[in-house]
Amino acid sequence: MKRAIALLLAAAVSTGAVAATDPRILPTKLEPAWQAKARAVFKQAIEIPSVHNRGQVPAVAKLLAAQFRAAGIPNSDIHFMPYEALPGDHTEALIVRWRSPHATKKPMLILGHMDVVEAKRSDWKYDPFQFREEGGYFYGRGTSDMKNGDVATTMAAVKLMSEGFKPDRDIIFFYSGDEETRGVGATLGSTKWRNLTDSEFGLNADGGCPSYDEQFRSLGCGISMAEKTFQTYFLTTHNPGGHSSRPRPDNAIYDLADALEKVRSYRFQPMQNEVTRAYFAERAKQEGNSRLGQEIRAWLANPNDGAAADAIEANPLEVGITRTRCVATMLSGGHADNALPQSATATVNCRIFPGVEPAKIQAELQKLVGPKVEVKPDPEFIGVPTPASPLRPDVVAAVTNAVHKVIDPQMDVFPEMSTGASDGSFFRAQGIPVYDVDGSWGISPIDERAHGLDERIPVRAFYDDVVYWEMIYKALAG
Ligand SMILES: [Zn+2]
């Protein structure tokens with residue numbers, strides 16, 4: 001879900017003249033014996049079609065739990081948590097606690113999800129649920145979103161346990177079963193099951209931070225520390241209707257079209273927070289004296305410089321990072337081709353700047369479109385505003401060190417705000433800061449295939465991720 005930003009940076013930072021080495025052909029640091037073990041579990045995970053409504057998520061939970069159990073985690077610390085995501089969609093979360101024999105710090109939480117987005121055999125080149133290795137890639141649904149992260153975080157722990165490593169804080173693994181649909185698992189995990197998940201902070205493996213462009217130049221590693229809030233609103237117009245042979249000036253569809261025209265050109269207030277300021281400071285460095293670089297510096301110097309903020313927002317590289325954005329995504333209206341429409345509805349999806357209440361955006365939209373249009377939030381999903389997570393130096397240092405040691409010693413590591421949303425937002429909303437820091441990488445844009453066709457991950461990126469997480473555990477629990 002979260003790789004959009006990487007793609008956009010490609011054009012921005014590709015300044016290096018010297019032809020860079022293709023990172024896919026470089027050797028991984030994971031030992032061959034552990035490559036084989038990790039690959040075998042990955043294959044099994046990919047070949048379980050854990051799409052919503054297929055009841056297969058528990059099989060993934062069983063597979064991961066078996067690795068932890070074999071490594072020495074007692075059954076009393078392995079919890080299968082069945083729940084209903086959507087009506088009739090029975091799924092499960094897995095919660096595993098790796099206990100510290102001498103805890104000196106509060107636990108840390110590792111987040112992931114075991115469900116994947118639907119994939120039709122007829123659309124793909126090969127069966128999406130048949131694991132395949134070809135041309136330096138692993139293929140299959142979930143290879144980059146995000147069974148790679150589930151397996152890498154699990155096998156890194158299993159490997160460290162086999163080497164006798166003892167963490168100095170409990171490490172809790174929380175893998176949900178419906179991140180791609182409703183996030184009920186993360187809601188329960190951060191509230192009802194809090195006794196099993198309570199932690200000082202969380203590291204989310206759903207979304208790799210490093211990436212490269214097609215010339216193999218590093219695009220840096222953005223640690224996502226904040227997420228915009230996902231909220232859909234329905235804009236509905238009503239009208240008495242009538243016979244279409246006698247049209248009147250008032251018309252439900254025209255009224256809705258007028259309202260959408262206003263939404264289209266509406267400007268939400270530009271905003272900054274600690275994370276986006278740090279992100280833009282990094283971007284300004286990368287941009288140097290470019291027009292965008294100048295605009296970013298102007299806005300950082302004066303947060304009220306609306307013109308600079310608008311210029312940044314208008315740049316395809318930074319869309320959605322300076323403010324709340326809303327966009328029409330679906331339409332319905334009318335009941336017969338020979339009748340004047342009695343109602344028309346537009347679906348408007350908003351990504352709300354962290355800390356802003358969805359009710360405030362609803363009021364702003366209502367004021368914008370006027371009293372003739374009904375503005376209602378999607379009752380199925382009321383977004384929870386989530387505060388940006390603080391810039392934890394220990395997390396930034398651990399990620400920077402692991403990225404430099406395992407993936408690329410030159411790679412920039414910087415904070416960012418994600419315009420997408422994940423399970424992390426539910427934990428943030430309940431007071432547990434979350435950082436999206438998976439170590440897997442890809443080549444932008446050719447490997448940006450999450451939710452799409454012929455999803456894949458470079459073989460080295462998957463194996464590297466196991467070593468990356470080992471380093472993260474050692475740095476933050478050692
Ligand atoms: Zn995901």
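Me: How many salt bridges does a search of the whole structure find?
Reply: In this predicted model, the search finds 35 salt bridges.

Me: What makes the pair D170 and R99 a salt bridge?
Reply: The closest N and O atoms of D170 and R99 are 3.9 Å apart. A side-chain nitrogen of Arg within 4 Å of a carboxyl oxygen of Asp is what the term requires, so the pair qualifies. In general, side chains of opposite charge can pair when their charged atoms come close.

Me: Where in the chain do D170 and R99 lie?
Reply: D170 is in the loop between α4 and β6 (171-176), whereas R99 is in the loop between β2 (90-98) and β3. The two are 71 residues apart, and the pair links distant parts of the chain.

Me: Why is D170 called buried, and why is R99 called partly exposed?
Reply: D170 has a relative accessible area of 10%. Buried means under 20%, so D170 is buried. R99 has 48% relative accessibility. That value lies between the limits of 20% and 50%, and therefore R99 counts as partly exposed.

Me: What makes E200 and R169 a salt bridge, and which parts of the chain does the pair tie together?
Reply: Their closest N and O atoms are 2.9 Å apart, which is within the 4 Å cut-off, so the pair counts as a salt bridge. E200 lies in the loop between α6 (194-197) and β7 (201-208), and R169 in the loop between α4 and β6, so the pair ties together parts that are 31 residues apart in sequence.

Me: How do you know whether E200 and R169 are buried or partly exposed?
Reply: E200 has a relative accessible area of 28%, which makes E200 partly exposed. R169 has a relative accessible area of 2%; this is under 20%, so R169 is buried.

Me: Why are E282 and K285 said to be separated by about one helical turn?
Reply: They are three residues apart in helix α8 (residues 274-287), and therefore about one helical turn separates them. Their side chains meet in a salt bridge, with 3.3 Å from N to O. E282 is buried, with a relative accessible area of 10%. K285 has 64%, which is over 50%, so K285 is exposed.

Me: Which residues do salt bridges that share partners join into one network?
Reply: The network consists of R267, D310, E313, R323 and R325.

Me: Which residues coordinate the zinc ion, and why is its site called irregular?
Reply: The zinc ion is coordinated by H113 (NE2), D145 (OD) and D206, which contributes two OD entries, at 1.9 to 2.7 Å. The angles among the four donor atoms run from 50 to 143 degrees. A tetrahedral site would need all angles between 85 and 135 degrees, and a square planar one would need opposite donors over 155 degrees apart; neither condition is met, so the site is irregular.

Me: What spacing do the donors of the zinc ion follow along the chain?
Reply: The spacing is H-x31-D-x60-D. H113 in strand β3 (residues 108-113) and D145 in the loop between β5 (137-139) and α4 (147-162) are 32 residues apart, and this pair links distant parts of the chain.

Me: What makes H113 and D145 count as buried?
Reply: H113 has 1% relative accessibility and D145 has 2%. Each value is under 20%, so both residues count as buried.

Me: Why is E364 called buried?
Reply: E364, in helix α11 (residues 358-369), has 19% relative accessibility. The limit is under 20%, so E364 counts as buried. Leaving aside its neighbours within four places in sequence, E364 is in contact with Y266 and F268.

Me: How do you know that strand β14 pairs with β10 and with β12?
Reply: A pair needs at least two bridges. Ten bridges join strand β10 (residues 229-238) to β14, and eight join strand β12 (residues 325-333) to β14, so β14 pairs with each of them. Both pairings are antiparallel. Q231 stands opposite C350 in β14, while the bridge partner of S332 in β14 is T345.

Me: What makes strand β14 mostly covered?
Reply: In β14 (residues 343-352), eight of the ten residues are buried.

Terms used: Residues numbered from 1 in each chain as written. Predicted model: local features only at pLDDT ≥ 70, side-chain atom pairs only at ≥ 80, totals over all residues. Heavy atoms only, no water. Donors = N, O, S within 2.8 Å, 3.2 Å for Na, K, Ca; no water. Tetrahedral: all angles 85-135°; square planar, octahedral: opposite > 155°, others 65-115°. Helix = DSSP H or I, 4+ residues; strand = E, 2+ residues; numbered from the N terminus. Buried < 20%, exposed > 50% of the residue type's maximum accessible area, 1.4 Å probe, protein only. Contact = heavy atoms within 4.5 Å.
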